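Q: Please take a close look at one part of this model, the place where two helices pass each other and the residues found there. I would like a careful, connected explanation.

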Amino acid sequence: MTVLGIVLLVLAGVLLFLLEFLVVPGVTIAGIGGLLFFAGAVYLAFENLGTTEGIIVLAVVVVTIIFAL
């Protein structure tokens with residue numbers, strides 16, 4: 001369940017960031033929400049899965065943000 005939650009948080013963050021960039025430009029609730037979902041996914045990964053998996057999730061989040069930009 002934890003891995004599914006992390007994946008869903010990352011996907012929700014991606015969706016909100018794409019919504020922010022494509023539909024509602026500027027710093028809005030979508031961008032802040034996406035950032036919070038990404039931070040929550042990284043926190044859950046470090047807290048529940050360990051350091052190695054946390055670093056992997058952090059790398060995925062960073063690459064996703066760079067790719068979205």
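A: When two helices are compared, angles under 35 degrees count as roughly parallel, over 145 as roughly antiparallel, 65 to 115 as roughly perpendicular and the rest as oblique. The model is predicted, so local features need pLDDT of at least 70 and side-chain atom pairs count only at pLDDT 80 or more, while totals for chains, interfaces and linings use all residues. Residues are numbered from 1 along each chain as its sequence is written, and side-chain values use heavy atoms, with hydrogens and water left out.

The axes (lines fitted to C-alpha atoms over the stretch in contact, with angles from 0 to 180 degrees between N-to-C directions) of helix α1, residues 2–22, and helix α2, residues 29–49, come within 8 Å and cross at roughly 160 degrees. Helices here are DSSP runs of H or I with at least four residues, numbered from the N terminus. The pair α1 and α2 is therefore roughly antiparallel.

Valine 14 lies in helix α1, and because its relative accessible area is 23%, valine 14 is partly exposed, a term for values between buried (under 20%) and exposed (over 50%), found with a 1.4 Å probe on protein chains only. Although valine 14 and phenylalanine 38 are 24 residues apart along the chain, their C-alpha atoms are separated by 8.3 Å. Beyond its neighbours within four places in sequence, valine 14 is in contact with Phe38 and Thr64, where contact means heavy atoms within 4.5 Å. Valine 10, with such neighbours again left aside, is in contact with Phe38, Ala41 and Val61.

Technical notes:
Helices (H or I, at least four residues) and strands (E, at least two) are DSSP runs, numbered from the N terminus.
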